[in-house]
Amino acid sequence: TLSTVKSDTVLEKSGWKYFKTVHKMCGFHIKITFRPIAAILTQIFKIVPRFSENYGHNSSWIFFLEEETSVNVPKIVHILRRFPKEQWFLGKALHDEEATIIHHYAFSDDPKAFMYPDFAAGWALSMTLVKRLAKKVKDEPLKSDFTIDLKHEIALYIFEDGNGPALIPVQELCTVADSSNNEEICATTHTAFSSSCVKPVDKNDIFFGVKTCRKFHKDRIPVVKKTWEKDSAFIEYYSDYADSSIPTVNLGVPNTERGHCGKTFSILERYVSNAVPETKWLVIVDDDTLISVPRLQKLLGCYNPNEPVFLGERYGYGLGTGGYSYITGGGGMVFSRQAVLKLLESGCRCYSNDAPDDMVLGMCFSALGIPVTHSSLFHQARPEDYSKDYLSHQIPISFHKHWNIDPVSVYHKWLKEDSYPENVQGHKGIREDL
């Protein structure tokens, strides 16, 4: 028995109309549930008790997919029948090559030892495991903590320091069907690109604000100028010191070692003033952010600039206890002009200049009822901090940090418009993460 999470459109493309024939042939009772995947993933364990209560009596599995995941239902049923009624956690396994900051340096002695699922390939929980997790969630409320990489954190929660099951790799759950796992084997594949959006936005519709400070003028700013600055039409560098050789704009906000909330809100206020050209989109980045402007133009073609849009890599704080989501600043924060205007009109402001700007913005937009829009194409860390298999089916938009890397080389390998992962060469367009 199979319960799934997926959109109607992709279900039709994936052959779900054949599903009735499959369950009649196999004698299964099939229950399909339709829910927006983003809403589920941010609150996944809060709804586990609901899964247990609603489907625990007549379903054996909960199977999760992303909107762009295609699935062969008969193959999925065949896979799940291989596992008896025990606690099972199945998926395409990812692992870290080295201890990474995005996973809080977990398993630093042997990072490859811990496996977590690639959501794009689909992942499954047996109902026996769902029932145990439902009881755990009720007995032990989720901690008010940061949510950074949900797929890793879900695996940790299920593993429970060795008291719960580890992820079981299933080779038939795939992202890209290649020579090592061809279409005859794969029960799932993931569509990395989509051309359903309108044409890319004009670069003249995007204004870039780069946060910097005097001590980084000579090492970080030259990297921006050697890489992505040339693709932007409008860009300003905001510092605590006016340097005409760059040039930088001194906003009158002292540099802080952390937070930068005062600087960020000064940028927002300058953006809606007569001091800069009027554009539909504002992008605020750090001076060590690497970004592909052409790919960003394509992604923004999927959104309406006349609506309040706040876009980037979404993190969470205290989501299990009524917290909020926010766009992490290092990967780049994208605002529609309407979002900036509504934010400033609300009067929501920093509680100090060195408050964490991305988290304050998350709180402000949450209070306004403006959702934070996630795209996994933005990255808070370096390519080295992510699983190679995870990045292999992406066309990334940004990375962050210059630690122990050559940032210019990283830009040309990962972000230059003609640079693509080897197994997605030849495709055109850009993946939508809406």
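**Exercise 1. Place strand β11 among its neighbours.**

Task: Starting from K211, work out which strands pair with β11 and in which sense.

Solution. K211 stands opposite D286 in β14, and in this predicted model the two strands β11 and β14 pair in the parallel sense over six bridges. K211 also stands opposite Y238, a residue of β12, and here too the pairing of β11 with β12 is parallel, over five bridges. The path of the chain from β11 to β12 leads through helix α8 (residues 221–226), and this β-α-β crossover is right-handed. A further pair of residues can be checked on the β12 side, where V210 stands opposite Y237.

**Exercise 2. Decide how the two faces of β11 are covered.**

Task: Sort the residues of β11 by face and state for each face whether its residues are buried or exposed.

Solution. Begin with the general rule that side chains in a regular strand alternate between the two faces of the sheet. In β11 one side carries I206, F208 and V210, while the other carries F207, G209 and K211. The residues on both sides are buried, which agrees with the count for the strand, where six of its six residues are buried.

**Exercise 3. Assemble the sheet.**

Task: Extend the pairings of β11 outward until the edge strands of the sheet are reached, and then name the helices α9 and α11 with the strands they touch.

Solution. On the far side of β12 lies β13, joined to β12 by three bridges and running parallel to it; within this pairing, the bridge partner of S239 is N250 in β13. In the other direction, β14 pairs with β19 in the antiparallel sense over four bridges, and V283 has V334 of β19 as its bridge partner. The complete order is β13-β12-β11-β14-β19-β16-β20, an open sheet of seven strands with mixed pairing. Its edge strands are β13 (248–250) and β20 (372–374), each of which pairs on one side only. Neighbouring strands of the sheet are turned against each other by 25° on average, direction ignored.

Now add the helices. Helix α9 (residues 261–271) packs on the sheet, where it touches β11, β12, β13, β14 and β19, and its direction makes about 155° with that of β14. Helix α11 (residues 337–346) also packs on the sheet, touching β14 and β19, and its direction makes about 85° with that of β19.

**Exercise 4. Describe the surroundings of helix α10.**

Task: Determine how far α10 is covered and what its buried residues pack against.

Solution. Helix α10 spans residues 293–300 and is mostly covered, since six of its eight residues are buried, the cut-off being under 20% relative accessible area. These buried residues are V293, R295, L296, Q297, L299 and L300. They pack against the strands β11 (206–211), β14 (281–286), β15 (289–291), β16 (310–312) and β19 (333–336), and against helix α14 (407–414). At the start of α10, a side-chain oxygen of S292 comes to within 3.4 Å of the backbone nitrogen of R295.

**Exercise 5. Test the length of helix α12.**

Task: Ask why the end C-alpha atoms of α12 agree with the expected span.

Solution. Helix α12 (residues 357–368) has twelve residues, and at 1.5 Å a residue these should span 16 Å. The expected span is 1.5 Å times one less than the number of residues. The end C-alpha atoms are 16 Å apart, and therefore the expected span and the model agree. Buried residues of α12 include D357, M359, L361 and F365. After the helix comes G369, whose phi is positive, near 75°.

**Exercise 6. Classify H57 and set it in the whole protein.**

Task: Decide whether H57 counts as buried or exposed, and find how far it lies from M127 in sequence and in space.

Solution. H57 lies in the loop between α4 (48–55) and β2 (61–64). Its relative accessibility is 79%, so H57 counts as exposed. From H57 to M127 there are 70 residues in sequence, but the C-alpha atoms of the two are 9.1 Å apart in space. For the protein as a whole, which has 14 helices and 21 strands, buried residues make up 56% of the 434 residues. Among contacts between residues at least 6 apart in sequence, 75% join residues at least 24 apart.

Definitions and conventions:
Residues numbered from 1 in each chain as written. Predicted model: local features only at pLDDT ≥ 70, side-chain atom pairs only at ≥ 80, totals over all residues. Heavy atoms only, no water. Buried < 20%, exposed > 50% of the residue type's maximum accessible area, 1.4 Å probe, protein only. Contact = heavy atoms within 4.5 Å. Polar contact = N/O pair within 3.5 Å; in protein donor to acceptor, adjacent residues only side chain to side chain. Pairing = 2+ DSSP bridges. Right-handed = clockwise from strand over helix to strand, strands pointing away. Axes fitted to C-alpha atoms, helices over the stretch in contact; angles between N-to-C directions.
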